[in-house]
Structures are given as C-alpha cells and as structure tokens.
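User: I'm new to reading protein structures and would like to go through one step by step. Could we take it as a set of short questions?

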Amino acid sequence: MCWIEVNKGDPRALTLADRHYTRQKPGTNQFCRPGKNIVLLSKDEKALWVTWQGIRDDGFNAWECTLFRNEGNYLSSHLIVLALGITAAKWGSPPRDGIITYVGKHLKGGTFHAAGFRKIGVSKKRGLPLLQLPKDRMPPPLQPADVSLFEHEMLIL
C-alpha cells in the first residue's frame, strides 16, 4: 500500500471526494478548506485522506482530518495510521491538541477508534462526534520513498 501526495485539485481525488458524505457541492473543483492541506491518494486510487491546518474558531490547537474515504480493500485504520505518519513527516510535531476529526452520526468513528482516536465531545452545530488523537499518541513520521511516494507494505489476511 502506498499513499501519493497530490494537488487538492487532482481529478482522481475529486472523484473520491464527490462520493464522501460531507461533500457539499459535488462536481466543483474545491473540496479542501482554505489554509494548509495535505491531500493523499492511495496508489490504487481507492482511498483519499485530507489533513488541514488553519485558523480554528473552536479553541483547539490541532490539525484536522477533514476527509477520509476508503473504497478499497485495505484496512481503514491502517490507512489512517500511515496518513498520520506522513502528516507528521511533512509538518513536524503536531500542535498541542494533536489531530481531531468529526464523523457522521451514522458512522460512530470505529475506524478512527481502531487507529487510536477517542471521542472527546460533539460539534456545536450538528452534534457530530468529535474524535481526537492526542499529540503524544501520534505515530512516528514516515519518510517517503521518493519526493511524493510513501510506500509501505501492508498484509491483509
């Protein structure tokens, strides 16, 4: 399995983003928030991850996973851990509050829980579960095989 870092306008990433339950305007070329984003696409083009860093209005000093979609056969929790390691390699040590994500009420966040995240509350507007991976629980940085390719063997039994 490997993640490839792509541009936030990459058409392959847009295709996956359009099928994500949070997508507000499918078909548009924007699916990332303003600010710094890391967009990772799996080599088989069946998984997408976005980490965002920007000005927050919720009091957290944290990175945020704003989108994760896995339509492939790789275990989602493994993909998450690899994406976190890549984020740490690119951005360094995480902020004080680590990384957070909001998940749909229908999902409960099981794959994020398996990757080490824990529920710490709900969103103010829609009551979505808020999950956090504290700074001290972040996986170590993963170094790329080359400039943009993060290749790591994963066995699915």
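User: Let's start with one residue. Is Ser123 buried or exposed?

Analyst: Keep in mind that this is a predicted model. Ser123 has a relative accessibility of 14%. The cut-off for buried is under 20%, so Ser123 counts as buried.

User: Where along the chain does Ser123 lie?

Analyst: Look at strand 6, which covers 118-122, and then at strand 7, which covers 129-133. Ser123 sits in the loop between strand 6 and strand 7.

User: Which residue has its backbone nitrogen 3.1 Å from a polar atom of the Ser123 side chain?

Analyst: Leave out residues up to four places away in sequence, and Ser123 touches Tyr102 and Leu128. The atom you're after is a backbone nitrogen, and it lies 3.1 Å from a polar atom of the Ser123 side chain. That nitrogen belongs to Gly127.

User: Zooming out, what pattern does the protein follow along the sequence?

Analyst: The secondary structure adds up to 3 helices and 8 strands. Write α for a helix and β for a strand, and reading along the sequence gives β-α-β-β-β-α-β-α-β-β-β.

User: What percentage of the contacts between residues at least 6 apart in sequence join residues at least 24 apart?

Analyst: Take the contacts in the protein between residues at least 6 apart in sequence. Then pick out those that join residues at least 24 apart, and their share is 65%.

User: Which element gives the largest share of the largest nonpolar core?

Analyst: In soluble globular proteins, nonpolar side chains tend to be buried together. Here the largest nonpolar core has 25 residues, and Trp3, Trp49, Phe112 and Phe117 touch the most other members. Elements that give two or more residues to this core include strand 2 (36-42), strand 3 (47-53) and strand 4 (63-70). The largest share, 8 residues, comes from helix 2.

User: How many residues are in the second, separate core?

Analyst: Among the members of this second core are Leu14, Phe31, Cys32 and Val50. The core is separate from the largest one, and its residue count is 12.

User: How many disulfides does a search of the whole structure find?

Analyst: Two cysteines to look at are Cys2, buried at 2% relative accessibility, and Cys65, also buried at 2%. A disulfide needs a pair of cysteine sulfur atoms within 2.5 Å. Searching the whole structure for disulfides gives a count of 0.

User: Last one: what percentage of the protein's residues count as buried?

Analyst: The accessible surface comes to about 8,500 Å², and 52% of that belongs to carbon and sulfur atoms. As for the residues, the protein has 157 of them, and the share that counts as buried is 45%.

Methods: Residues are numbered from 1 along each chain as its sequence is written. This is a predicted model: local features need pLDDT of at least 70, side-chain atom pairs count only at pLDDT 80 or more; totals for chains, interfaces and linings use all residues. Side-chain values use heavy atoms; hydrogens and water are left out. Buried means under 20% relative accessible area, exposed over 50%, partly exposed in between (1.4 Å probe, protein chains only). Helices (H or I, at least four residues) and strands (E, at least two) are DSSP runs, numbered from the N terminus. Contact means heavy atoms within 4.5 Å. Accessible areas come from the Shrake-Rupley method with a 1.4 Å probe; for residues, only the protein chains shown count as cover. A polar contact is a pair of N or O atoms within 3.5 Å; within protein, one must be able to donate a hydrogen and the other to accept it, and residues adjacent in sequence count only if both atoms are side-chain atoms. A nonpolar core is a set of buried Ala, Val, Leu, Ile, Met, Phe, Trp, Tyr and Cys residues joined through side-chain atoms within 4.5 Å.
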